[in-house]
Amino acid sequence: MTLIIATQRLPNAAIAIRPDGAITSENAFKLQDRVTAVLAATKPDRIFVDLRAVPAIDDAGVDALMSGGSTAAACNCRLLVVDPQPGVYEQLHTRGLTDMLARPTQQQANGGV
């Protein structure tokens, strides 16, 4: 499966990154590269990685999220994960990334980041 990544500017100096497809060792670098590019181009306060269209993530994908979070933090930005599917949530929880999970807002509950 191909990984497609969309990016959207949000209000209040935030960016949404929306991967679509499984994040695996074959494509995890794309997510990490997108976080780096967003940080360089826009200097956001927050990056929301919306995982609702990601059916699976392996260790390389989780590592890419961790690396993206560290890179964002070094740029005074916070990377937050939004709406992971149950299996993806389990992977994040197992690896100790629950602190990266954004608390759902009313807007998120209605389908928007």
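Let's start with the sheet. This is a predicted model, and in it 4 strands form an open sheet. The strand order is 1-2-3-4, and the pairing is mixed.

Now, which strands stand at the edges? Strand 1, residues 4–10, and strand 4, residues 78–82. Each has a single partner strand, so one side of each is left without a neighbour in the sheet. From one strand to the next, the twist averages 20°.

A quick reminder. Strands of a sheet pair through backbone hydrogen bonds, and the pairing is either parallel or antiparallel.

Let's move to strands 2 and 3. Strand 2 covers residues 14–20, and strand 3 covers residues 46–50. The two run parallel, joined by 4 bridges. Take Ile17 as an example: its bridge partner in strand 3 is Val49.

What packs on this sheet? Helix 2, residues 59–74. This helix touches strand 3 and strand 4. Its direction makes about 145° with the direction of strand 4.

Last topic, the cysteines. How many disulfides does the structure hold? The count is 0. Why no bond for Cys75? Because the closest cysteine sulfur, in Cys77, is 7.5 Å from the sulfur of Cys75, too far for a bond. The cut-off for a disulfide is a sulfur pair within 2.5 Å. Look at it from Cys77 and the closest cysteine sulfur is in Cys75, again too far for a bond.

And are these cysteines buried or exposed? Cys75 is partly exposed, with a relative accessible area of 42%. Cys77 counts as buried, at 7% relative accessibility.

Terms used. Residues numbered from 1 in each chain as written. Predicted model: local features only at pLDDT ≥ 70, side-chain atom pairs only at ≥ 80, totals over all residues. Heavy atoms only, no water. Buried < 20%, exposed > 50% of the residue type's maximum accessible area, 1.4 Å probe, protein only. Pairing = 2+ DSSP bridges. Axes fitted to C-alpha atoms, helices over the stretch in contact; angles between N-to-C directions. Contact = heavy atoms within 4.5 Å.
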